[in-house]
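I opened my notebook with two things to look up: what surrounds the ligand, and where empty space is left inside the protein. The entries below follow that order.

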Amino acid sequence: MPKKSIRPFLPFGDQQTAPWYGKAILSVKQFNRNDLEYIIGVAHEMRVMVERVGTFDLLKGKILANLFYEPSTRTSSSFMAAMQRLGGAVIPISEVRYSSVAKGESLPDTVRTLGCYADVIVIRHPEIGSAALAAKHAGKPVINAGDGAGEHPTQALLDMFTIREELGRLDNLTVTMLGDLKYGRTVHSLSRLLTQFDGIKLNYVSPDILRMPKDVMDEVAAKGVAQAQSPTLDGVLPKTDVLYVTRVQQERFEDPAVYSKVKSAYIITPEVMAPAKEKMIVMHPLPRVAEISMAFDPDPRAAYFRQMEYGLYVRMALLAMVLGKA
Ligand code: NCD
């Protein structure tokens, strides 16, 4: 990739006047288009630095508490890698059953505790609104890494960065979201985030019982973005620039029989992808279960593994921002 000049990061002390210094990141609704362009710029610089030097000391002396009440591979390890690539340290709590949570400690008390030891807290929790609750009590910036079926703002930001890196633009795109749009928090955040760009058309393809929630659709409509719902990809796929596939969120179903009925509603295979454009991408927040066949992985349009790497740069950018170093 071409060598870029690197904007110097703030060398001494925390930049307390930096716009994101000390702020919690709870929802994509906090960001306007300028903020998004700024995050893309900082993530770009992080990418250049990682490619040039691997690890550097921007956040030396800072500590991240990584508090996960729900399973995670990518989000949790990419936040840890992000902190360590910036020279900081991590308190990893991914097995809350071995922490005082197992003794019945409340979320406010747990985050108040971690706020005494760490400079920033990343939290994933099964309840909607939990990250906002944590932010009230932590005394340190809290980053929402998924609150139940609510939001997953850092995933949406890395999805945005992926689209920009892969397709070179964020305006005038047809984005088709496929799968579990009811419980999938990543699509709730991404559809809201994409309203910041011009000429976006959103298609929602899902089983009837897993449709995009009305409150999300109303918010998106209020921003003037075109949305269409459909039970199949037929007719939609040939016009799609970004196909965003999601896993049916088994853990959010009360009745396993209902999950079994819808779990294999869509499977992306090379044959299914035949009518798609040549220049488009297929994304997935991962983990995938069966909704994208491994036979599609070698296709250059399969962007889901590259998407994971973009997540590292975006999370480095967000940590630097809330800690006053970008
Ligand atoms: C997603 C999540 O946890 O919401 N995973 C992730 O963070 N990359 C998607 C999922 O679990 O299906």
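I began with a term, since I needed it for the first entry: a polar contact is a pair of N or O atoms within 3.5 Å. I also noted that the model is predicted.

**Entry 1, contacts of the ligand.** With that cut-off in mind, I looked up Arg124 and found that a polar atom of its side chain lies 2.9 Å from an oxygen atom of the ligand. I then turned to His152, where an N or O atom of the side chain is 2.8 Å from an oxygen atom of the ligand. For Gln155 the partner is a nitrogen atom of the ligand, which is 3.2 Å from an N or O atom in the side chain. I next checked the cover: on its own the ligand has 320 Å² of accessible area, and the protein covers 93% of this.

**Entry 2, the surroundings.** I listed the residues around the ligand, among them Thr75, Arg185, Thr186, Arg247 and Gln249, as well as Pro285, Leu286 and Pro287. When I sorted this shell by class, I wrote down 3 nonpolar, 5 polar and 3 charged residues. I also recorded that the ligand sits in the largest pocket.

**Entry 3, enclosed space.** How many cavities of 30 Å³ or more does a search of the whole structure find? I noted 1, and for the largest cavity I wrote down about 60 Å³ of space. Its lining includes Leu178, Gly179, Val245, Lys263, Tyr266 and Glu291, and by class this lining has 6 nonpolar, 3 polar and 2 charged residues.

Technical notes:
Residues numbered from 1 in each chain as written. Predicted model: local features only at pLDDT ≥ 70, side-chain atom pairs only at ≥ 80, totals over all residues. Heavy atoms only, no water. Near = heavy atom within 4 Å. Polar contact = N/O pair within 3.5 Å; in protein donor to acceptor, adjacent residues only side chain to side chain. Areas by Shrake-Rupley, 256 points an atom, 1.4 Å probe, with all protein chains shown as cover. 1 Å grid on protein atoms, 1.4 Å probe; cavity = no way out; pocket = protein on both sides within 12 Å on 5 of 7 lines; lining within 4 Å. Sits in = over half its atoms within 2 Å of the grid points. Nonpolar A, V, L, I, M, F, W, Y, C, P; charged D, E, K, R; others polar. Points joined across faces, edges and corners; volume = space filled by probe spheres on them.
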